[in-house]
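Welcome! Let's take a walk through this structure together, one stop at a time.

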Amino acid sequence: MLYFLIISLVVAGTLVSTICVSCLAGTITLSYAIIAPLFVLLYVFILLGILDLILRFCLPKTCWNYERKYFAVSKKEVRLYEKLKIRKWKDKVPEWGKSAGFSKSNLQSLEVDYLKKFIYETCIGEILHLSAAILGFTCLFIFPVKHYYFVLPILLTNFLLNLMPCFIQRYNRARLLVVYKFKTRHSIVTDTQKNEQLNEAGQIV
């Protein structure tokens, strides 16, 4: 709710400023004053959707291997997120993974395959939001510099609101990996014990 409130306030403030410029200075038409800020908002949302499709279907899955150096999260980084009180606000940030077939809003299982898929999705989500945060500024090429006063507030908000999910993905991945590695080791031990028991049973028979 807070997430959408921030977006609404920024867009509303931008609309008010452009309408005031239109009415008082007359340098832009009223229709342009209303449509232009909404276009910028639509631009960043469509960009997010396009990037999601590209990352999921056009790039090899090996790109999202959590063992890649970039995806590593140090203990210092985790402590930094905790200093930022991430646990208090991370659940207030919308999670759209369900639209792509995998919800990351709650941990639904401790099965190894599920945890591995969850970790995989955090890698995609991180790059998706980081890309959207940076590439959102490409919208600046569409408008003249003199109109940046209403473009930049929306793009800066988009940048900050996309960084938040990046932090969440990295924070969650660090915690998930602890569980995943523990479960994997436990699974290997269990399978080994089962094989030993089967061998013993075979010898008895």
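Which residues form a positive surface patch? In this predicted model, the patch is made up of Lys75, Lys76, Arg79 and Lys83. Let's look at one of them, Lys83, which sits in helix α3, a helix covering residues 75-83. Its relative accessible area is 69%, so Lys83 counts as exposed.

Charge is one way to look at a surface, and nonpolar side chains offer another. Here a nonpolar surface patch of about 520 Å² is built by Leu30, Ile34, Ile35, Leu38, Phe39 and Ile142. Take Ile35 as a guide: you will find this residue in helix α2, which spans residues 30-57. Ile35 has a relative accessible area of 56%, and because exposed means over 50%, that places it in the exposed group.

Now let's turn to a loop. Between α4 (86-89) and α5 (112-135) runs the loop that holds Gln108. With a relative accessible area of 59%, Gln108 is exposed. Ten residues along the chain from Gln108 comes Phe118, and the C-alpha atoms of the two are separated by 9.9 Å.

Our last stop is the cysteines. Is Cys123 buried or exposed? Cys123 is buried, because its relative accessibility is 0% and buried means under 20%. Cys166 is buried as well, with a relative accessible area of 5%. As for disulfides, the structure holds zero of them.

Methods:
Residues numbered from 1 in each chain as written. Predicted model: local features only at pLDDT ≥ 70, side-chain atom pairs only at ≥ 80, totals over all residues. Heavy atoms only, no water. Patch = residues over 30% accessible without salt bridge, like charges linked within 9 Å, V, L, I, M, F, W, Y side chains within 5 Å. Areas by Shrake-Rupley, 256 points an atom, 1.4 Å probe, with all protein chains shown as cover. Salt bridge = Lys/Arg side-chain N within 4 Å of Asp/Glu carboxyl O. Lys, Arg positive; Asp, Glu negative; His and termini not counted. Charge placed at Lys NZ, Arg CZ, Asp CG, Glu CD. Helix = DSSP H or I, 4+ residues; strand = E, 2+ residues; numbered from the N terminus. Buried < 20%, exposed > 50% of the residue type's maximum accessible area, 1.4 Å probe, protein only. Disulfide = S-S within 2.5 Å.
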